[in-house]
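This briefing covers a ligand shell, an annotated region and a helix pair. Please consult the sequence and structure shown here before reading on.

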Amino acid sequence: MNIGIVGYPTYGGSGVVATELSMYLAKQGHKIHFISYSQPVRLDVLEPNIYYHEVNVQDYPLFEYQPYELALSSKMVNVTLKYKLEVIHVHYAIPHAYAAYMAKQILREKGVDLPIVTTLHGTDITLVGRNPSYKQAVNFSINHSDVVTSVSESLKQDTLSFFNITKDIQVIPNFLDLSLYKPDDSCKHNFAEEGEKIVTHVSNFRKVKRIPDVIDVFFRLQNEMPAVLLMLGDGPEKERARKQAQDLGIAEKVKFLGKTSDVERILCISDLFILPSEKESFGLAALEAMGAGVPVISSNTGGLGEVNIHMKTGITADVGDIDAMAQGAIHILSDPQRHIAFAQAARAQAERFAIDEIMPDYLRVYHEAIAAS
Ligand code: GMT
């Protein structure tokens, strides 16, 4: 098929899902046209069947806000006409689903049909989309997509309760390429002394991730056993976290590694992963940790409970319940046999989300969109 994929070029989350999906489908022989404002790092444009189309927004002094949706719609129209796209799959409703609807109308006037698949990822619904400034347009563009998917049952229910949805929403969970997670301890000594546990957190360091809770949970854990905390990623809360670690006297044990392309390798040397988010429609970072056989301490918000199974693959606790999270971390790490059992269960759970298992669902919805359009 000739498939258009629209996504954000972000380090994690929806951007990674859109990119990994593109790479996988291209390997299967589909021609993938990835449309975004910047090239995602993980998108390998040297691979056969991957084509990248950059959206350029013309800067003009009259505009306080540049009209990205307009440029994106025009790009979708041009790419569809030139490369005969059979379907376009937009990741994150804002503004992608809205821009896709406009592109569809423009193409209709030219006698061309563009079936739209919209995948809802989380903050497009739970934080941004329900804001009164966007709500009407988000609601409209969800209802006017040919097929709508959501990455968890929890996000589906949130979407149904926040909006007036007339469309069926199909749950297609996020996925991961398990072949990327290979046991390899060789870089362990770069980060930890012999006998120290390695605890990891990966995120975009936004408020919603509750970074102070990560540090607080780790603080309590390292009071009980030797441990280091690896903080991967970057974002607005990072400096505050650094200061918190200094104030608690654990600065040397908390290592900020920034946006690294070695996430999988670092997960493979980790003993525990912490994700105490305020909201999380799915928690792809937790799934990636589990793919590396790492038990997860997380909040039980949103779709996290669909990924991290309490007392099996890790511990889930109420948002902000640092005591329960710290107790959970100590419980798992204080007994090597117990740790192995949790690690094995985490890996087994991740296998349910293997890319080969999930991908047929996306191909099926592409055909459904074509039939419905
Ligand atoms: O977590 C973020 O802040 C990024 C956000 C995104 O849209 O990229 O992630 C959302 O989509 C991911 C992929 O489907 C999910 O795994 C995350 O749980 C979800 N984030 C939130 O719901 C906060």
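Helices (H or I, at least four residues) and strands (E, at least two) are DSSP runs, numbered from the N terminus. The model is predicted: local features need pLDDT of at least 70, side-chain atom pairs count only at pLDDT 80 or more, and totals for chains, interfaces and linings use all residues. Residue numbers start from 1 along each chain as its sequence is written.

**Ligand shell**
- The ligand is surrounded by 21 residues, a residue being near if its C-beta atom, placed from the backbone, lies within 6 Å.
- The closest of these are Gly13, Ser14, Gly122, Ser281 and Leu284.
- Helix α1 gives the most to the shell, with 4 residues.
- Both α1 (13-27) and α4 (123-126) supply at least two shell residues each.
- By class, the shell holds 6 nonpolar, 12 polar and 3 charged residues, where Ala, Val, Leu, Ile, Met, Phe, Trp, Tyr, Cys and Pro count as nonpolar, Asp, Glu, Lys and Arg as charged, and the others, Gly among them, as polar.
- At least three shell residues come from each of domain 1 (2-175 + 355-372) and domain 2 (178-351), with bounds from an automatic or database domain assignment.

**Annotated region**
- An unreviewed UniProt entry carries the annotation "domain: Glycosyl transferase family" for residues 191-348; such annotations may be inferred rather than shown by experiment.
- Residues 191-348 are 42% helix and 18% strand, and the end C-alpha atoms lie 27 Å apart.

**Helix pair**
- The axes (lines fitted to C-alpha atoms over the stretch in contact) of α7 (residues 211-224) and α12 (residues 322-333) come within 9 Å and cross at roughly 45 degrees, on a scale from 0 to 180 degrees between N-to-C directions.
- Therefore α7 is oblique to α12, as angles under 35 degrees count as roughly parallel, over 145 as roughly antiparallel, 65 to 115 as roughly perpendicular and the rest as oblique.
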